[in-house]
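Work through the exercises below with the model open. Each task is followed by a stepwise solution.

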Amino acid sequence: MSSVLQTKTAGTPSKGEGGGARAGAWRQSPMSTPPGSAARRRARTGWLFASPALLIIAAVTVFPVVFSLVLSFCEVRLEYGGLRLGSPTLAHYEALLTHAEWYRALAFTLGFTIVSVFIELVLGTLTALVLERLGAARGWILALLLLPWALINVIAAQLWSYLFNGSYGAVSWLCEELFGAQPDILGRPVPAMAAMVAVDVWKTTPFVAIVVLAGLMLIPGDVYEAAEIDGANAWTTFWRVTLPQLRPIVAIAVLFRILQAFGIFDLPFVLTQGGPGTATQSVAILGYRILFQNLDFGGGAAVAVTTAVIVMGCCLLFLRVFRAHVDEGGRA
């Protein structure tokens, strides 16, 4: 009898022990939930809150892209009730890729993008290095630098069209005073291209400078102290310390500028209307003329789709080269 009681006493928890066990069970009940369920709930909540923005993005971005892709592969007729899509065809791309005007526009756009982005990167980096060493005057100089970038592109282009005017432009007058001749800057192909690059550099270099300056401010000071202890001069410090630290920021600035420069429309449209002839006609202007002036919706969509594919390829190639350089720097 006593052994039974002892067994029951040993196997049955006391009141205090039972309360502690139940309290422990209550304390441990949240731990019984699978660890991934809370993350899934947060993910579902995030998707729920982001769904309105995603729907808007799909409406204003994804749908036009898909619709342009469909137009480029279909026979499109403009009728009284709107556009009528016909049978699938590759005629738009065949006409585009066999047209000499497309290659001239593509060559101008590529050349303009490469030259302008390279100059802006060099000048923007130099400007950022100077601004980093300034003290109280940095804010005022940054405000002045932002003025060209803050101007609307059409207004800036119209302003420079007055300055480059062959009859009363300030630039033409200055050239006449210095060299004894008043050039027709916007009336000849090479000066018109150079003028367009100069205007784009004037307007967009502040953007590159601000982005690079933000990257310079994020570099820790002890890196420069270590380089100074090692006896590195200013040139070596820039190439071996500053520039490798700036590579991600520079990549972002270059990508933004490639996307903007390759789709340039307003600057050549206001300055030269794509002229003289078709010397400064970008692919965006070519697409505008095919679509809105010739009312060739399939051909205009083919220009847009082909341009988007080229820009995407250039950006992916740049990112691949950039990643290879970063990996080499990391291994070194």
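**Exercise 1.** State the volume of the second largest pocket and describe its lining.

Solution.
1. The second largest pocket has a volume of about 500 Å³. A pocket is an open set of points on a 1 Å grid over the protein atoms alone, where a 1.4 Å probe fits, with protein on both sides within 12 Å along at least five of seven lines. The volume is the space filled by probe spheres set on the points.
2. It is lined by 21 residues, each with an atom within 4 Å of a point. Closest to the centre are S68, G300, A301, A304 and V305.
3. α3 (35–72), α13 (283–293) and α14 each supply at least two lining residues. Helices are DSSP runs of H or I, at least four residues. α14 gives the most, with eight residues.
4. By class, the lining has 16 nonpolar, five polar and no charged residues. Gly counts as polar here.

The model is predicted: local features need pLDDT of at least 70, side-chain atom pairs pLDDT 80 or more, while totals for chains, interfaces and linings use all residues. Residues are numbered from 1 along each chain, and side-chain values use heavy atoms, without hydrogens and water.

**Exercise 2.** Which helices each supply at least two residues of the lining of the largest pocket?

Solution.
1. The largest pocket has a volume of about 840 Å³. Of its 24 lining residues, V117, F118, L121, V254 and F318 are the closest to the centre.
2. The helices are α5 (100–132), α11 (234–262) and α14 (297–331).
3. The lining divides into 20 nonpolar, three polar and one charged.
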